[in-house]
Amino acid sequence: MPSDDERIALFLDYENLAIGAREALRGAPFDLKPIADALAERGRVVARRAYADWSMFDEDRRMLTRHHVELIEIPQRMGAVRKNAADIKMAVDAIELAFERDYITTFVIGTGDSDFTPLVHKLRELNKQVIGVGVRASTSNLLPPACDEFLFYERLEGVVEPEQVWVCT
C-alpha cells in the first residue's frame, strides 16, 4: 500500500532508457507501465517528465502521453554536439522542482548514466529520497549505490523479455 505522504517526481533520460531496454531485451520496446506500477506502490507520482529528441521516438511519444508524461524536447541540431543537452536540462529541472515544491519527497531518476550521480547526491543533500531506474547492461556501477533504492527495469514485474528463438541447421 503506498504511503499517502510520499509525493514522487519522475524524471526520465528517455534516450538512455529506451535504447538500453531495446538492446538488452533484443528489440522489445520500452514500456513505462512497469515503472509506473512499481512507483504506485511507493507513493503518488505528481510530476512526470521525459527528455529526448522526440523525432526518434514516435510510438513512444504516444505511450508516454497515455501515462501523462510531459515530453521535454531536446532537438538534435545539425553539426552540433548535444551529448549532455538532455542531462543538463533534466538536472536543472529536478533541482528547480526540489526547491519550488517542497512537498515532493521522492525523486525518481530514470537513467543508467553516471553523469547523474552528482544530481542524486544533491537531491539527497536536500533531504529527498532518490530512486534510480535503469537497464542493467547500460547502467554505470557508480549510480545504483548513490541512490536510496535502484530498480533495474528488466527485473520489474510486467517487463517481458522476448522469447529466444533457436534455429537448428
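1. Which residue of β3 does R49 stand opposite? In this predicted model, the residue of β3 that stands opposite R49 is E70. The two strands involved, β2 and β3, pair in the parallel sense, and their pairing extends over 4 bridges. Between them the chain passes from β2 through helix α3, which covers residues 58-66, and on to β3, a β-α-β crossover that is right-handed.

2. It helps to place this pair in the whole sheet. The sheet is open and has 6 strands, arranged in the order β3-β2-β1-β4-β5-β6, with parallel pairing. Because β3 (70-73) and β6 (149-152) each have a single partner strand, they stand at the edges, and one side of each is left without a neighbour in the sheet. From one strand to the next, the twist averages 20 degrees. As a general reminder, the strands of a sheet pair through backbone hydrogen bonds, and they may do so in either a parallel or an antiparallel way.

3. Moving along the sheet, one comes to the pairing of β1 with β2, which run parallel and are joined by 7 bridges. A student who wishes to locate this pairing in the structure can look for I8, whose bridge partner in β2 is V45.

4. The pairing of β4 with β5 can be described in the same manner. Strand β4 (residues 106-110) and strand β5 (residues 129-134) pair in the parallel sense, over 5 bridges. Within this pairing, T106 stands opposite Q129 in β5, while V108 has I131 of β5 as its bridge partner. The chain crosses from β4 through α5 to β5, and this β-α-β crossover is right-handed.

5. Is β5 largely enclosed by the rest of the structure, or largely open? Of its 6 residues 5 are buried, and β5 is therefore largely enclosed by the rest of the structure. On its way to the edge of the sheet, β5 is joined by 4 bridges to β6, and these two strands run parallel. One place to see this is G134, whose bridge partner in β6 is F152.

6. A single residue of β5 deserves a careful look, namely G132, which is found in that strand. G132 has a relative accessible area of 0%, and it is therefore buried, the cut-off for that word being under 20%. If residues up to four places away in sequence are not counted, G132 touches I109, C147, E149, F150 and L151. In addition, G132 and L143 are 11 residues apart in sequence, and their C-alpha atoms are 7.7 Å apart in space.

7. The helices remain to be considered. Two packed helices are described by the angle between their axes and by the distance between those axes. Helix α4 (residues 85-100) and helix α5 (residues 117-125) pack at an angle of about 5 degrees, and their axes are 11 Å apart. The two helices, α4 and α5, are therefore roughly parallel to each other, a description that is used for angles under 35 degrees. On the side of α4 the contact is made by A91, A94, I95 and A98, and on the side of α5 by L119, K122 and L123. These residues of the contact divide into 6 nonpolar, no polar and 1 charged.

8. Finally, α4 has a relation to the sheet as well. Helix α4 packs on the sheet and touches β1 (7-13), β2 (44-52), β3 and β4, and its direction makes about 170 degrees with that of β1.

Definitions and conventions. Residues are numbered from 1 along each chain as its sequence is written. This is a predicted model: local features need pLDDT of at least 70, side-chain atom pairs count only at pLDDT 80 or more; totals for chains, interfaces and linings use all residues. Side-chain values use heavy atoms; hydrogens and water are left out. Axes are lines fitted to C-alpha atoms, for helices over the stretch in contact, and angles run from 0 to 180 degrees between N-to-C directions. Angles under 35 degrees count as roughly parallel, over 145 as roughly antiparallel, 65 to 115 as roughly perpendicular and the rest as oblique. Contact means heavy atoms within 4.5 Å. Ala, Val, Leu, Ile, Met, Phe, Trp, Tyr, Cys and Pro count as nonpolar, Asp, Glu, Lys and Arg as charged, and the others, Gly among them, as polar. Two strands pair if DSSP finds at least two bridges between them. Buried means under 20% relative accessible area, exposed over 50%, partly exposed in between (1.4 Å probe, protein chains only). A crossover is right-handed if, with the strands pointing away from the viewer, the path from the first strand over the helix to the second runs clockwise.
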